[in-house]
Amino acid sequence: MQALILAGGAGTRLRPVLGELNKPMAPVAGRPFLEYLLLQLKKHGIDEVILCVGYKADHIQSYFGRGDRWGIQISYSCETEFLGTAGALKLAEEHLHEKDFFVMNGDSLFDIDLRTLMHYHREMKATATLALAHVDDSRRYGAVGINELGRIESFVEKREGYAGGLINGGIYIFAQEVLDFIPGGELTSLEQDILPRLIGRDLYGLPLKGYFVDIGVPADYAKLRSDPAQLLAAVD
């Protein structure tokens, strides 16, 4: 199985904490956060990974190389200009040879059984499947609405006053046809531009239980650094 990790962002909200270091390389318990995602993939039998890199890509490439240290095969898709999450995925199209593949955000980890997600995706004959996490306060993330069959019917934008619910857990499975919805060479967002267009086109969400962490803001990153026990357990 193949997985692609979106790791090209500069992480401007973490700049006061990380300085010029890019977000995927943010240290947690002596390792870059991105390394935990690779360990999670390896744990679930995924040993072919494409890293979509951009900002300070050389830092990521020099640390991870071709993946020999982790027993995985790493290739790189490098942005020369910021293309957004969907634009970065489209740029990496030439690396993607499997019918269905995983895509992961490089700044969050959702401790789920990836094989369960893939089995569901194939059983539903989905175009795209999102792993959904339940949080007590979804205001920072926005919420995802599904029907009784698991089809995604809505994406609720981040807003004040919206409390608990299902959110995008940052792990996707896409069929190759998703790439046809993404224009090449343009700044395009998965969350804002592409996923809403897939509603009604066999777009599914699977609620799953598991540890979820997102390091996108300084407070959450600081909390993780002070207590990384659950993160360490997720990749053990």
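This section describes the central sheet, a pocket and two unusual backbone angles in a predicted model.

The sheet is open and consists of seven strands, arranged in the order β5-β4-β1-β6-β11-β8-β12 with mixed pairing. The edge positions are taken by β5, spanning residues 73–78, and β12, spanning residues 203–207; each has a single partner strand, so one side of each is left without a neighbour in the sheet. From one strand to the next, the twist averages 30°. In general, the strands of a sheet pair through backbone hydrogen bonds, in either a parallel or an antiparallel sense. The pairing of β1 (residues 2–7) with β6 (residues 100–105) is parallel and comprises four bridges. Within this pairing, Leu6 has Asn105 of β6 as its bridge partner. Helix α3, formed by residues 57–64, packs on the sheet, where it touches β1, β4 (48–53) and β5. The direction of α3 makes an angle of about 170° with that of the edge strand β5.

Attention then turns to the pockets of the model. The second largest pocket holds about 350 Å³ of space. Its lining is formed by Val135, Arg140, Tyr141, Tyr211, Phe212, Val213, Asp214, Asp220, Lys223, Leu224, Asp227 and Gln230. Two elements, strand β13 (212–214) and helix α7 (218–226), each give two or more residues to this lining. By residue class, the lining of the second largest pocket comprises six nonpolar residues, five charged residues and one polar residue.

Backbone geometry was also examined. Most residues other than glycine have a negative phi. Lys56, which is not a glycine, nevertheless has a positive phi of about 50°. This residue is located in the loop between β4 and α3, and α3 is the helix that packs on the sheet against β1, β4 and β5. The relative accessible area of Lys56 is 28%. Because partly exposed residues are those that lie between the limits of 20% and 50%, Lys56 is classed as partly exposed.

A positive phi is likewise found at Asp202, a residue other than glycine, with a value near 60°. Asp202 belongs to the loop between helix α6 (190–198) and strand β12, the latter being a strand at the edge of the sheet. With a relative accessibility of 27%, Asp202 also counts as partly exposed.

Terms used. Residues numbered from 1 in each chain as written. Predicted model: local features only at pLDDT ≥ 70, side-chain atom pairs only at ≥ 80, totals over all residues. Heavy atoms only, no water. Pairing = 2+ DSSP bridges. Axes fitted to C-alpha atoms, helices over the stretch in contact; angles between N-to-C directions. Contact = heavy atoms within 4.5 Å. 1 Å grid on protein atoms, 1.4 Å probe; cavity = no way out; pocket = protein on both sides within 12 Å on 5 of 7 lines; lining within 4 Å. Points joined across faces, edges and corners; volume = space filled by probe spheres on them. Nonpolar A, V, L, I, M, F, W, Y, C, P; charged D, E, K, R; others polar. Buried < 20%, exposed > 50% of the residue type's maximum accessible area, 1.4 Å probe, protein only.
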